[in-house]
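These are my notebook entries on a structure that I looked up today. I record each query and what I found.

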Amino acid sequence: MNNFEKRLFLDYLSKLLPETDFKHYNFDQIFEFFLQEFNIPKKTFGLEENEDLAIVSYKERDKFLKTMNKVVKNLSEKIKPQNTLLEKQFLMIKDIYNLNNDEYKVFLYSGIKEINNIFNMYFDCINGNTFATFAKEYLKIRVGKKERITNKLYMKNIITHNRGNVEINEDLLKIFDNPNCNSSTKVMNTILGKTQKSKLCKKDYSHKQKDFETVAKILSSAVEQNKTGINILLYGGVGTGKTEFAKLVCNSAKIPVYEVKTVDSDFEETTRRERLVDLYSKQYVLANTRKSCILFDEAEDVMNRGFGNNGEASKGYLNDLLDKVSVPVIWTTNNIYDVDPAFLRRMTYCVEFEKLSEQNRLSVWHKILKKNQFKVDNKKIEELNKNYDIPPSLISNAVQTTKMIGGNEDDFEGFIENVAKVVTKKKNVKNKKEFDVKNYDINLVNTDIDMDDLTKKIQKSRKLNFSLCMYGEPGTGKSLYARYLADTLGIEVVFKRASDLISKWVGETEQNIAAAFEEAKSKKAMLIFDEADTFLQNRNNAQRSWEISQVNEMLTWMESHEYPFVCTTNLLESLDEASLRRFTFKIRFDFMTNEQVNHAIEHFFGIQGANVNIKGLTAGDFATVKKKIDFLGIKDLDEITKMLNDEVKVKKSNELKNSIGF
């Protein structure tokens, strides 16, 4: 024991001896330690040197107490205070958290019993072995005050509750374990953790330049003027750069930024309540300096869940916290749709992070490969960029793994695909090349308007705020025309099937719809919804509330969307009337005419001058038969004609059922 521990031990003995259980199995060891540590002969207590502690009856208890108190008093007067490192560390923490005397004593109690096993053993001997007994007999405080003290220490992240007792936060033990932690600055750095540094530069956020400058100005002004209640929200999809943006803005503004922890000292995931406590604690510690910022990453842990009891902070508490934050907080979230509007109203500034455009993603690929000094052919990089829409972190991980095993480009792509499957939760993550404009023939679509003329007029207008509803039989070329039009206009395509958007969770389908529109907006791309009748069904026929909310979500976005939006459906009659009014063009796609059928035979099979008369064929049928004959090596027109007839026979079209032979 050092001087500080000896004085504290004597202080505890003098005040807690009346509540000590002398028959407790630990007390014999503590008594022997006491005699040896303070060099006290056993005869002081009427014992021989080789005799064990004989305080076994209640009759002898009072005599023992009087003797012990007298000895402890004499020792306390002789042991003068010294400025030991341990005491300095306790006092520095006291000053950092501005603890009063009672709070400091509870902090000492929870800390010293973890640091020195003798204290822990002695507290085991205290009557009841609970913090309540310690608070009552040592601190002399009533129950209500005790609760207020422990709650304050808990919110400051100094102690934790454990079945009625209190324990020191394990993060603080790092201070006492480190002999070099001998100044207030070092203690504070241990409490706060390392300041966060970004791995990126401003050029990486050229597409967010205005937001970057605005956030930097807000943060600089806030710390300079000691403003409270400053909250910045960064929201958007996974891997869009929110966290690095937050760090980089603070680094550029020369403002230290500390992160609310997501794992504890045992590398276990922190709970929602623990993260809020860590935020409160960092706010309290930094309140005196004010020249700092806090990053609360993955804020959906806090904002997107229900509120109530069972250890969860109330909605009112969070509102109050947002209003009173003493240093600016940057919140990031992947999911803004479940955030309570009350929280959003308390945000000083919000930045949306959309998915990167194909060109921006390509720039990221080049940057990461160059930084890691890993050479990949430029054409291969372009191919990878088209095939894998993944966050930069996955690219970087794949590079490092490939270099570690001395791999090549193929290994590199293999690692990307392997991890991407897990992240995207899809078995087939590689984007397939579904459309090649060179193989497309607009003359093979049978519509109620001239599609070639429409394409030229849309292109000439240079306007992108149009929408198309293309309806008709399956395989008639609706989606292919949309891709052809996008290629003609020189814009990307964001293609979504119903299966990509529908979720079993209430509200998540609406979120997916909104995310699709936002992605198309960020890329200035054409958004194609295949099987759109799923989301635009007539609300008069809806049986559940979420069926109506999905349609409402679609209608809202259709009204405000600034870029090409295309819906394809086989069931026009099931669409909501309000949606039909919102489409710029409504185009019917029908089966091929006889002339188109023979033109398609030449286009797909290279057979000129055919005179085939089959009703009910589509371009999709020709693509299917083409795949068959490539396998079978068939070139005979009669065989091909039979295969085309077989495709028509399996169709369930009402139009074909009224024809002869169906």
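Entry 1. Which residue in β11 does V493 stand opposite? I worked on a predicted model, and there I found V493 opposite M526 in β11. I then looked up the strands concerned: β10 and β11 run parallel and are joined by four bridges. On its other pairing, I noted that β11 is parallel to strand β12 (residues 565–569), with three bridges between them. In that pair I found I528 opposite V566 of β12.

Entry 2. I next checked whether the faces of β11 (residues 526–529) are covered. Both are: M526 and I528 lie on one side, L527 and F529 on the other, and all are buried.

Entry 3. I asked for the sheet that holds these strands. I obtained an open sheet of six strands in the order β8-β13-β9-β12-β11-β10, with mixed pairing. β8 (446–447) and β10 (493–496) are at the edges and have a single partner strand each, so one side of each lacks a neighbour in the sheet. At the β8 edge, I recorded antiparallel pairing with strand β13 (residues 585–590) over two bridges. N446 is placed opposite D590 in β13. I also noted helix α21 (residues 451–461), which packs on the sheet and touches β8 and β13. The direction of α21 makes about 150° with that of β13.

Entry 4. I turned to a sheet of five strands, which is open, with parallel pairing and the order β4-β5-β6-β3-β7. Its edges are β4 (257–259) and β7 (349–353); each has a single partner strand, so one side of each is left without a neighbour in the sheet. Direction ignored, I read an average turn of 20° between neighbouring strands of this sheet. Within the sheet, I found five bridges between strand β3 (residues 231–236) and strand β6 (residues 329–333), paired in the parallel sense. L234 has T332 of β6 as its bridge partner.

Entry 5. Is I330, a residue of strand β6, buried or exposed? I read a relative accessibility of 1%, so I330 counts as buried, the cut-off being under 20%. Leaving out residues up to four places away in sequence, I listed L219, I232, L234, A246, C250, C293, I294, L295 and F296 as touching I330. I also took the C-alpha to C-alpha distance from I330 to A342, which is 17 Å at a separation of twelve residues in sequence.

Entry 6. I then looked up the nonpolar cores. The largest has 93 residues, and Y12, F34, F45, F107 and W331 have the most contacts inside it. Helix α1 (residues 3–16) gives the most to this core, namely seven residues. For F107, with neighbours within four places in sequence set aside, I listed contacts to F90, I93, L99, L153, I158, I168, L172 and F176. Another core, of 25 residues, lies apart from it and includes A498, A520, A525 and F529.

Entry 7. My last query concerned helix α27 (residues 594–605) and helix α28 (residues 619–632), whose axes come within 10 Å and cross at roughly 35°. I recorded the crossing as right-handed. From α27, V597, A600, I601, F604 and F605 meet A619, F622, A623, V625, K626 and I629 of α28. By class, I counted ten nonpolar, no polar and one charged residues in this contact.

Conventions
Residues are numbered from 1 along each chain as its sequence is written. This is a predicted model: local features need pLDDT of at least 70, side-chain atom pairs count only at pLDDT 80 or more; totals for chains, interfaces and linings use all residues. Side-chain values use heavy atoms; hydrogens and water are left out. Two strands pair if DSSP finds at least two bridges between them. Contact means heavy atoms within 4.5 Å. Axes are lines fitted to C-alpha atoms, for helices over the stretch in contact, and angles run from 0 to 180 degrees between N-to-C directions. A nonpolar core is a set of buried Ala, Val, Leu, Ile, Met, Phe, Trp, Tyr and Cys residues joined through side-chain atoms within 4.5 Å. Buried means under 20% relative accessible area, exposed over 50%, partly exposed in between (1.4 Å probe, protein chains only). A crossing is left-handed if the near helix is turned anticlockwise from the far one by less than a right angle, and right-handed if clockwise. Ala, Val, Leu, Ile, Met, Phe, Trp, Tyr, Cys and Pro count as nonpolar, Asp, Glu, Lys and Arg as charged, and the others, Gly among them, as polar.
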